[in-house]
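Please work through the following exercises with the structure at hand. Each task is followed by a solution in steps.

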Amino acid sequence: MAAKLAELIAAAFPGVLAVSPEPEEVLRDLTGLCRERGWNFAPWTADGGEDGPADPLAAMKALPQSGDGETPSLLAMVHPQRYLNSPELLAAMRSALAAGKTRRTHLILIQPTGELPPELSRDFAVLDCPLPSREELEAVARGVATEEGELPDPLTPVLDAAAGLTRSEAENAFALSLVRHGRLDPDPLWELKAKQLAAGGPLSLSRGGPGFDALGGMEALKTFCRTALTNGSPRAEAKGVLLLGPGGVGKSSFAKALGAEVGRPTLTLDVGALMAGLVGATEENTRRALATVEAMAPCALFVDEVERALAGTSGGAQDSGVSSRLLGTMLSWLADRPAGVFVVCTANDTSKLPPELTRSGRFDATFFLDLPGEEQRRGIWETCRERYGVAAGESTPPDAGWTGAEIESCCRLSALLGVSLAEAATHVVPVSVSAAEPLAKLRRWASGRCLDAEAGGVFRPAGDRGDEAPRRRTSRPGKQNFSLN
């Protein structure tokens, strides 16, 4: 960050917006840079600091007087966004920026968002300050764990768990680990990070849990993703997959099991939570969420029912173009995302799927997941019986065209209502019946466009089966767990 800022100052940029959740770190880098270069530097905070004015207008009016036209003079304002609704302050900023080009004075705004009033939006060069790298986190860890035996060897699992945290958050997590375990341990860091991500943000974190052994079928999809993420090619990086299929066939279960299978944390992105009412807030939420994902790489990113979140991008949405801009941001990021982020997007309705999302380059492959076959359904019944305490000898109702979610629902209702499976089945309407027409349409759309998640190769349906037994059949050695939804 200091090197980029030095370039902007050398190029006589009068205004720089440093976007960072850690203003103290930015101030520290600025102080070191100005001391090294011999530049004049003055920080401003709302409480006035040690000897500065608390009034932002007074500090702004004093900036042009601090320059001599030769040696750069920098004024760094921390969290000024609360004051930018003042017309007097905006006018003073405009005057200071105009004078800065000749007097070599520079205004540095440090705030957690990139939002500026329209009067200033074109006058500032934006400098995004990334979350700390693993090397920087290692320095924090060594500063906290100073006693012998407190640093594990290797330190990589701890640094992976701390990735995505700010320096202050990582320092607190390291201290908590020392209190709990007497040494740095990744578990408290994962726990803290999961809680912080879940605190009202669009991201949630999961790790561990069952892998592919808990999923029946989808053999071609499993092999494709496992190979893509573990082959270690030095030239090609896995991007992700798009999964299409009716609800309840295991798309979400696969996405969550993938991270556990390859040893990566799984981040779930709620695209709907990115939407905000204020102008520019959606773009800012998206930027911060994607920055966190990038900092946590290598990881798996799961976006469920992406077509619903981006359904307003067809041009008829009355949202001032927010959905279209969100789609553009997502598409650009999917095409140019950094190495180590494997994206799994799922969709149930292709009619709402933006065509730009499915073009080559966004994903490595698009798979279609059809209804489970007879052998797989039998395994799901076994798992659900055990989970809900249903007698093993009780006969199962006719289940042709049922999904795993519907089988689980039948077993849960049997336990909840105290009735047989056959009677509980009368309360279950399978998706193959309730959504027969959309399912047939989805199969026709996927024919020739998607890969078969079970058998591999291009997906070719055998027609609209209705209540016929679906085509997917799997064999399993011994007793095996199966996906429930």
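**Exercise 1: One helix and its surroundings**

Task: Determine which residues of helix 19 are buried, and how they are arranged around the helix axis.

Solution. The model is a predicted one.

Step 1. Helix 19 spans residues 436–446, and its buried residues are Ala-436, Leu-439, Ala-440, Leu-442, Arg-443 and Ala-446; buried here means under 20% relative accessible area.

Step 2. Viewed down the axis of helix 19, these buried residues fall within an arc of 160°, so they line one face of the helix.

Step 3. In an α-helix there are 3.6 residues a turn, so residues three or four places apart point the same way.

Step 4. Glu-437 and Arg-444, on the other side of helix 19, are exposed.

Step 5. The cover over the buried residues of helix 19 includes strand 11 (365–368) and helix 18 (431–434).

Step 6. Just after helix 19, Gly-448 adopts a positive phi of about 80°.

**Exercise 2: The largest pocket**

Task: Describe the largest pocket: what is its volume, and which residues lie nearest its centre?

Solution.

Step 1. The volume of the largest pocket is about 790 Å³.

Step 2. Its lining comprises 29 residues, and Pro-21, Leu-131, Arg-288, Ala-291 and Thr-292 are those nearest the centre.

Step 3. Two or more lining residues come from each of helix 8 (186–198) and helix 12 (281–295). Helix 12 contributes the most, with eight residues.

Step 4. By character, the lining of the largest pocket consists of 14 nonpolar, eight polar and seven charged residues.

Terms used. Residues are numbered from 1 along each chain as its sequence is written. This is a predicted model: local features need pLDDT of at least 70, side-chain atom pairs count only at pLDDT 80 or more; totals for chains, interfaces and linings use all residues. Side-chain values use heavy atoms; hydrogens and water are left out. On a 1 Å grid over the protein atoms alone, a cavity is a set of points where a 1.4 Å probe fits but cannot get out, and a pocket is an open set with protein on both sides within 12 Å along at least five of seven lines; lining residues have an atom within 4 Å of a point. Grid points are joined across faces, edges and corners, and a volume is the space filled by probe spheres set on the points. Helices (H or I, at least four residues) and strands (E, at least two) are DSSP runs, numbered from the N terminus. Ala, Val, Leu, Ile, Met, Phe, Trp, Tyr, Cys and Pro count as nonpolar, Asp, Glu, Lys and Arg as charged, and the others, Gly among them, as polar. Buried means under 20% relative accessible area, exposed over 50%, partly exposed in between (1.4 Å probe, protein chains only). The arc is that of the directions from the helix axis to the C-beta atoms. Contact means heavy atoms within 4.5 Å.
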